[in-house]
Amino acid sequence: MQKGQTVLTIENWYNLKKACTNIISTSYAQSTMIYGNQWDEVMSWLKTTEFASDPSKVDSDSSSWENYYNSTGGAETGSGEKRSAGYNEAWQANNIYDLAGNYTEWTQETYDTNYRVYRGGSYNASGTSASYRSSHFPSNMISDDSSRPALYIKTES
């Protein structure tokens, strides 16, 4: 996702995974859909930076820095509706936009044998934990779901 760009949404897990994988595939780099453990690492990193001098901003309530129907402070401007990535400067943590709200994000994490995990929150929900985790069937198409690609830089062996 790039600031100001339309967020790819209303797709099922399979189509979003394919879209993330097709961003780049060269002998030097490969994109994929983010894994659940990568999401967890970003949450841990946020808590070690000045951004999260108050860990509750990551662990329990991100309404002050994301797009929810009950966003607060600077995050309230334009909140509660689907928005392009980075619509509001307040909706970022350490220059990562829309991490906890705007759209929930599918990951490659599985739950049980039939479900895929999505993380974060969405514009039509109340402020929640940035590390929020839930799941549903990968074939479901839900209007507030998206995904976040991860980029791997390949090195010579």
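Me: How many positive and how many negative side chains does the protein chain have, and how far apart do the centres of the two sets lie?

Reply: This is a predicted model, and in it the protein chain carries 12 positive and 18 negative side chains, with the centres of the two sets 6 Å apart.

Me: Which helices and strands should I look for, and in what pattern do they follow along the sequence?

Reply: A good start is to count the elements and then to read their order: the protein chain has three helices and eight strands, and along the sequence they follow the pattern α-β-α-α-β-β-β-β-β-β-β. The radius of gyration is 15 Å, close to the 15 Å that the globule rule gives for 157 residues, so the protein chain is as compact as a globular protein of that length. If you prefer to think of a box along the principal axes, the C-alpha atoms fill one of roughly 45 × 35 × 30 Å.

Me: What share of the residues is buried, and what does the exposed surface consist of?

Reply: A residue is called buried when its relative accessible area is under 20%, and by that cut-off buried residues make up 43% of the 157 residues in the protein chain. The protein chain exposes about 8,200 Å², of which carbon and sulfur atoms supply 48%. As for contacts, among those with a separation of 6 or more, 59% are made by residues 24 or more positions apart.

Me: How many aromatic pairs are there, and how should I read the one between Tyr103 and Tyr123?

Reply: Aromatic rings are paired by the distance between their centres, and then the angle between their planes is named, with over 60 degrees counting as edge-to-face. The count here comes to six aromatic pairs. In the pair of Tyr103 and Tyr123, the ring centres are 6.1 Å apart and the planes stand at 65°, so the pair is edge-to-face. Tyr103 lies in the loop between strand 3 (96–97) and strand 4 (104–111), while Tyr123 lies in the loop between strand 5 (115–119) and strand 6 (133–136), so the pair ties together parts that are 20 residues apart in sequence.

Me: Are Tyr103 and Tyr123 buried or exposed, and which residues form an aromatic cluster?

Reply: Tyr103 is buried, with a relative accessible area of 7%, and Tyr123 is buried as well, at 10%. One aromatic cluster is formed by Tyr111, Tyr115 and Phe137.

Me: Where is Gly80 found, and which residues does it touch?

Reply: To place a residue, you can name its element, its exposure and its neighbours in turn. Gly80 is found in the loop between helix 3 (56–59) and strand 2 (92–93), and it is partly exposed, with a relative accessible area of 27%. Leaving aside residues up to four places away in sequence, Gly80 touches Asn67, Tyr68, Tyr69 and Tyr123. By contrast, the C-alpha atoms of Gly80 and Trp45, which are 35 residues apart along the chain, are separated by 27 Å.

Me: What is the phi of Ile10 and of Asn94, and where do Ile10 and Asn94 lie?

Reply: Phi is a backbone angle, and its sign is what to look at here. Ile10 has a phi near 55°, a positive value in a residue other than glycine; Ile10 sits in the segment before helix 1 (13–21) and counts as partly exposed at 40% relative accessibility. Asn94 also has a positive phi, near 50°, and is likewise a residue other than glycine; Asn94 is found in the loop between strand 2 and strand 3, where Asn94 is partly exposed with a relative accessible area of 26%.

How values were computed:
Residues are numbered from 1 along each chain as its sequence is written. This is a predicted model: local features need pLDDT of at least 70, side-chain atom pairs count only at pLDDT 80 or more; totals for chains, interfaces and linings use all residues. Side-chain values use heavy atoms; hydrogens and water are left out. Helices (H or I, at least four residues) and strands (E, at least two) are DSSP runs, numbered from the N terminus. The radius of gyration is taken over C-alpha atoms; the globule rule is 2.2 Å times the number of residues to the power 0.38. Buried means under 20% relative accessible area, exposed over 50%, partly exposed in between (1.4 Å probe, protein chains only). Contact means heavy atoms within 4.5 Å. Accessible areas come from the Shrake-Rupley method with a 1.4 Å probe; for residues, only the protein chains shown count as cover. Lys and Arg count as positive and Asp and Glu as negative; His and the chain ends are not counted. The place of a charge is taken as NZ of Lys, CZ of Arg, CG of Asp or CD of Glu. Rings of Phe, Tyr and Trp (its six-membered ring) pair if their centres lie within 6.5 Å; planes under 30 degrees apart count as stacked, over 60 as edge-to-face and the rest as tilted.
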